[in-house]
Amino acid sequence: MYFFAWVTKNLISAGCYDMIINSFNNDGTGEKTVMRVRHNPKADIAVVESEYVIQDPASKKGHWKEIFGNENPIRIEIGMGKGGFIMEMASQNPDINYIGIERVNTILYKALRKQEEKALKNLYFVAFNADEIETIFDKGEIDRIYLNFSDPWPKDRHASRRLTSPKFLERYDAFLKQGGIIEFKTDNRGLFDYSLEAAIEAGWKTRDVTYDLHNSIYAPGNIMTEYETKFSAMGTPINKTIIYR
Ligand SMILES: C[S@@+](CC[C@H](N)C(=O)[O-])C[C@H]1O[C@@H](n2cnc3c(N)ncnc32)[C@H](O)[C@@H]1O
């Protein structure tokens, strides 16, 4: 405890890193490791200036179709990280619009640099903490939500921060269109089991449950995320389900 506080304080004061993210063991026990993200000052500027990052997203509530200039369905990935998954989805599906949401600018910047090269017309990013996601999308505005390798938040007192918690499902309910689904993938079995229960508790349903996606009937067409590539290379099976109402 004191060690982590010391590391945090000293790294920040030395200007080495401005952010420390807690991550946890795959078995959901809550044993703590510290993952540091080196702050890239260029990221903050690029995120504000880029034509691919939508500023003031709350002002776009109910108007996202105008951003894309068409009536195509809109799908979002919350916590997109470096963006490999959503960029590939957007590239393979030009008739679907995508919005990648990421709260850490330094991470979002990695996706942004790829998009600046590819210039996919059906993809935008939002630098935003999903805790208030219902403030940026209107009722029925979103067709599908992707949650890929979401942070597990293993301590009980942090359960409401999990992106699959009943609290978040309530937020999604406000803007996911009727018949819309949530696609959820994770390496973390503890988070996965929790999410299956949380969905039921919140009045949602689950289907297409697999505890080993890559060796399942759901494997064909699966697009790997950066975390998925890393964990499956380590031999960790990937869990997936569809959450729906
Ligand atoms: C473990 S990483 C997974 C990244 C990517 N989805 C993948 O599978 O490679 C989780 C990402 O979600 C982001 N994230 C976590 N909570 C978030 C929130 N409430 N709002 C937006 N982004 C969030 C983190 O900053 C991080 O980049």
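Student: How do you know that β3 and β4 pair?

Tutor: Two strands pair if DSSP finds at least two bridges between them, and β3 and β4 share five bridges in the parallel sense, so the requirement for pairing is met. One of these bridges joins I78 to I101 in β4. Please keep in mind that this is a predicted model, in which local features need pLDDT of at least 70, side-chain atom pairs count only at pLDDT 80 or more, and totals for chains, interfaces and linings use all residues. Residues are numbered from 1 along each chain as its sequence is written.

Student: Why are β3 and α4 called a strand and a helix?

Tutor: The names come from DSSP runs, numbered from the N terminus, where a helix is a run of H or I with at least four residues and a strand is a run of E with at least two. The chain has eight helices and nine strands in this sense.

Student: What is the hand of the crossover from β3 through α4 to β4?

Tutor: The β-α-β crossover from β3 through α4 to β4 is right-handed, a name used if, with the strands pointing away from the viewer, the path from the first strand over the helix to the second runs clockwise. A second right-handed β-α-β unit is made by β6, helix α6 (residues 166–173) and β7.

Student: How do you know that β3 and β6 pair, and which residues are bridge partners there?

Tutor: β3 and β6 pair in the parallel sense over four bridges, which again satisfies the rule of at least two. I78 has L147 as its bridge partner in β6, while R75 has R144. On from there, β6 pairs in the parallel sense with strand β7 (residues 176–186) over six bridges, and Y146 stands opposite E183 in β7.

Student: What makes L123 buried?

Tutor: A residue is buried if 20 or more other C-beta atoms lie within 10 Å of its own, exposed if 12 or fewer, and partly exposed in between, with C-beta atoms placed from the backbone. L123 has 23 other C-beta atoms within 10 Å, and therefore it counts as buried. L123 belongs to strand β5 (residues 123–127).

Student: Which residues does L123 touch?

Tutor: Leaving out residues up to four places away in sequence, L123 touches I86, M87, A90, Y98 and Q115, where contact asks that two C-beta atoms, placed from the backbone, lie within 7 Å. In addition, L123 and I74 are 49 residues apart in sequence, while their C-alpha atoms are 9.6 Å apart in space.

Student: What makes β3 mostly covered, and which residues lie on each face?

Tutor: Five of the five residues of β3 are buried. I74, I76 and I78 lie on one side and R75 and E77 on the other, and all of them are buried, so by the burial rule both faces count as covered. β6 is largely enclosed by the rest of the structure too, because six of its seven residues are buried. In helix α4 (residues 84–92), the buried residues are G84, F85, I86, M87, M89 and A90, and these pack against β3 (74–78), β4, α5 (105–118), β5, β6 (142–148) and α8.

Student: Why is a set of 48 residues called a nonpolar core?

Tutor: A nonpolar core is a set of buried Ala, Val, Leu, Ile, Met, Phe, Trp, Tyr and Cys residues joined through C-beta atoms within 7 Å, and the largest such core here has 48 residues. I78, I86, I101, L108, F125 and I145 have the most contacts inside this core. In soluble globular proteins, nonpolar side chains tend to be buried together.

Student: Is D56 buried or exposed, and what is unusual about its phi?

Tutor: D56 has 8 C-beta neighbours inside 10 Å, so it counts as exposed. Its phi is positive, about 45 degrees, although D56 is not a glycine. Most residues other than glycine have a negative phi. D56 sits in the loop between α2 (41–49) and α3 (64–68).

Student: How do you know that D208 is partly exposed?

Tutor: D208 has 15 other C-beta atoms within 10 Å, so it falls between the two cut-offs and is partly exposed. D208 lies in strand β8 (residues 205–210), and it also has a positive phi, of about 50 degrees, without being a glycine.
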